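Thank you all for coming, and please keep the sequence and the structure in view while I talk. I will go slowly, and I will try to say where each part sits before I say anything else about it.

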Amino acid sequence: MNDTPVVDRSLVALLRADLTAAGFTVDGVAERLGPVASAALHREQPLPALLATESSVTSVDDACGVLVRLFTLGRRVRASALAAALPSLGVDGAVRLGLVRLEGRAGFAADRGAPPDRDVLATCDLRPYGDDAHDWWVASDLSELAVGGPLRPDHVLGIGGASTTLASWTVRRPVDRALDLGTGCGVQALHLTGHVGSIVATDISERALAYAAFNVALAASEGVGAVPEVELLAGDLLDPVAGQQFSLVVSNPPFVITPRDEGVPLYEYRDGGRAGDTLVRSLVRQVGSVLEPGGIAQFLGNWEVPAGRTWREVWGEWLDEQARDGVALDAWVIQRESQDPAEYAELWARDGGAQPGSEAHSLMYAAWLRDFASRGVEQVGFGVVTLQRPATDRAPWRSLDEAHGPVAAPMGPAVDAGLRARTWLAEHSDGDVLDVAWSCAPDVTEERHGVPGAEDPSVILVRQGGGLGRVVRAGTLLAAYLGVADGELTAGAALDAIATVLGLDPADVRAEVLPQVRDLVADGLLV
C-alpha cells in the first residue's frame, strides 16, 4: 500500500476531470452540504456533514456527497458508489494513485447479477481549494477527525489557518523566480503558479514533497502549460538553495515552539527540530542570502518575549543581528496575536489528537510550561513577517506594528502598497514629502466625538476601511490638513495655509504634522 499518492499523469488527468464533473469544488461542496454543515466543518465539527452525506454511502447519484464522505470525512463508501463518482478514473485507478484502499469482504450488489461490492476507505485527505481564478484540489494525510486518534510524527498537514493566512498576506507581483520554503503539501506553491515564472519548493520531509508533487501534478493536469514547473528539493531551511537568488520567498515554516521533552511528540509539520524560537530567528538571519536586490520574503512565525522585555525589543535585536550577519533588510513585522505560556500550551497540547483531561495532554501541558519557565518567557507572539532587500544603497527601514483585529481579505494588495509606500519614504526627504499633493484614500472616514452641547469635538478619529484597519486619533492640525487633502495642494502649501488661518508659525505646524503625514502615507491612509 502506498504511503503517499503516486504521480501518474494520465490517471491524474482522469481524476481531475472526474472531480470537476462531480462538482467537487469549493462552491460545489458548500452547496451540497448547506451553510450549517459547511460552517460546522470549518470549525472541525464533522457531525452535521456526516448526517448530510449519510445516504451517500451507497449512492450512485450523489457524486459530490460520496467524495465528501470518503475524502473529507474519512468514512467508508461502497465501491459501486465511488465507481459512479469517478467514472473515468474508476476504483482501480484510485487505488493505483494511492488515494483509496479496498477493505473487508466483498458483498453482493443490489443487482444479484452484478460483481461483488466492497467497502472503500480513503488513504489520504483530498479536498477542493482555490482562489478567485483557480479550482485546485489538495491531498494531505487524513486529519485527526478521520483517524480518530493521535497523528503520526511525519504527518503531512493539509489546508489550515496558517496556510490560508500566509496565502492571503502574500504579495502577488509577477516575478521570475520564487521559493516556497517548507512547502508541506504545496499550498503556497499552488498560489505561486499564478504569478511566478519558475518555482522551487523545499521541505525537510520526503513525504511532504511527495504530496506536493501530487498536488502540483493535479493542478497542472488542467492543460498543457497551465502552470509553471515546480522544482521540489529536500533539505533543511535554505540548504537546498544555497547560492541561488529569488524575487520572492514565502514560508509557512514549522514555527511552533515545542519542548525538547521525551513525552512531547515532535510533528515534522510544526516543529523544526530546534528549541524555542530558534528556527524563526535563523530564518530572519539567513533569508537575505537568497534574496535578489528588491526581493521580498514573507513568512509566519512565533517569537518568545521574556519577562521585562517587549516584542519590539526582541525583534530589534533579531534585526540588528541580521544586519551584522549579512545584507541589512527592510522589515515589516505585524504581530497579530499574543498568548501567555498557559494559553500557548493549551493550544498546542491539543493539536495532534491529545484530548484535554487525558494523561497525555496533561503531561504535554506541563512540559510546555516548564520549557517556557526555563527561559523566563512571559508572552509568545504570532504574526506575519515581511522582509525586503533594498534595491539601492540606502539605510533599511523598520516597521514593527500590531494589528489584532480584522484585516482586509486578501491582505496581499495592502502589504504590496505598504511596502512601496515605506520604500518611497525611505528614499525621499521630508521636503519631498511636503512637495506631494496627497489625497485621503477612498476608504478613509472621520469620526468626531464630543460632549453633548459642546461646540468642538473632544476626539477626532480617522479610520481606515481596508488594509490593517488603522484608527488614528487626530489633533486639530492633522484633522485640518486631512480636511483639505484632496490632491490639489501640496502638503507644504496646505500646512502653510492652515498656519496662516490659525495664526501659527508655519515651521511649527510642519514640524508637528509632517511625522504624522509620513505615518499615514506608510499605512495607506494618504495616497
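I will begin with the whole chain, go on to the sheet and the helices, and finish with a few single residues.

Please bear in mind from the start that what we are looking at is a predicted model. The protein chain has 19 helices and 16 strands, and its C-alpha atoms fill a box of roughly 100 × 50 × 50 Å when that box is taken along the principal axes. Of its 527 residues, 50% count as buried. If we take the contacts in the chain with a separation of 6 or more, then 69% of them are between residues that are 24 or more positions apart.

Let us turn to the sheet. As a reminder for those new to this, strands of a sheet pair through backbone hydrogen bonds, and they do so either parallel or antiparallel. Here eight strands form an open sheet with mixed pairing, and if you follow the strands across it you read β8-β7-β6-β9-β10-β12-β11-β13. Which are the edge strands? They are β8 and β13, each of which pairs on one side only. Ignoring direction, neighbouring strands of this sheet are turned against each other by 20° on average. Within the sheet, β6 and β9 run parallel and are joined by four bridges, and Leu179 has Val249 in β9 as its bridge partner.

Two helices can be placed with the help of these strands. Helix α8, which covers residues 161–169, lies across β9, β10, β11 and β12, and it runs at about 140° to β10. In helix α11, residues 278–286, the buried residues are Leu279, Val280, Ser282, Leu283 and Val284. What covers the buried residues of α11 includes the strands β6, β9, β10 and β12, together with the helix α12.

Next come two places where a helix packs against another helix. In the first, helix α1, residues 9–21, meets helix α10, residues 206–220, with the two axes coming within 9 Å and crossing at roughly 65°, and the crossing is right-handed. On the side of α1 the contact is made by Arg9, Val12, Leu15 and Arg16, while α10 contributes Phe214, Ala217, Leu218 and Ala219. Sorted by kind, the residues of this contact are six nonpolar and two charged, with no polar ones. It may help to recall that an α-helix has 3.6 residues a turn, so residues three or four places apart point the same way.

In the second place, helix α13, residues 341–350, packs against helix α14, residues 359–374, at an angle of about 140° and with the axes 9 Å apart. Because of that angle, α13 counts as oblique to α14. The crossing of α13 and α14 is right-handed. From α13 the contact takes in Pro341, Ala342, Tyr344, Ala345, Glu346, Trp348, Ala349 and Arg350, and from α14 it takes in His361, Met364, Tyr365, Trp368, Leu369 and Phe372. These residues divide into 11 nonpolar, one polar and two charged.

Let me finish with single residues in the loops. Thr25 lies in the loop between α1 and α2, and why does Thr25 count as buried? The reason is that its relative accessibility is 17%, and buried means under 20%. Once its neighbours within four places in sequence are left aside, Thr25 is in contact with Pro128, Asp135 and Trp137.

For the last three, the background is that most residues other than glycine have a negative phi, and that most peptide bonds are trans. Glu44, in the loop between α2 and α3, has a positive phi of about 65° although it is not a glycine. Leu237 also is not a glycine and has a positive phi, here about 45°, and Leu237 is placed in the loop between β8 and β9. Is each of these two buried or exposed? Glu44 counts as exposed because its relative accessibility is 53%, whereas Leu237, at 12%, counts as buried. Finally, Ala409 and Pro410 are joined by a cis peptide bond, with omega at about 0°, and Pro410 lies in the loop between β13 and α15.

Technical notes
Residues are numbered from 1 along each chain as its sequence is written. This is a predicted model: local features need pLDDT of at least 70, side-chain atom pairs count only at pLDDT 80 or more; totals for chains, interfaces and linings use all residues. Side-chain values use heavy atoms; hydrogens and water are left out. Buried means under 20% relative accessible area, exposed over 50%, partly exposed in between (1.4 Å probe, protein chains only). Axes are lines fitted to C-alpha atoms, for helices over the stretch in contact, and angles run from 0 to 180 degrees between N-to-C directions. A crossing is left-handed if the near helix is turned anticlockwise from the far one by less than a right angle, and right-handed if clockwise. Contact means heavy atoms within 4.5 Å. Ala, Val, Leu, Ile, Met, Phe, Trp, Tyr, Cys and Pro count as nonpolar, Asp, Glu, Lys and Arg as charged, and the others, Gly among them, as polar. Angles under 35 degrees count as roughly parallel, over 145 as roughly antiparallel, 65 to 115 as roughly perpendicular and the rest as oblique. Two strands pair if DSSP finds at least two bridges between them.
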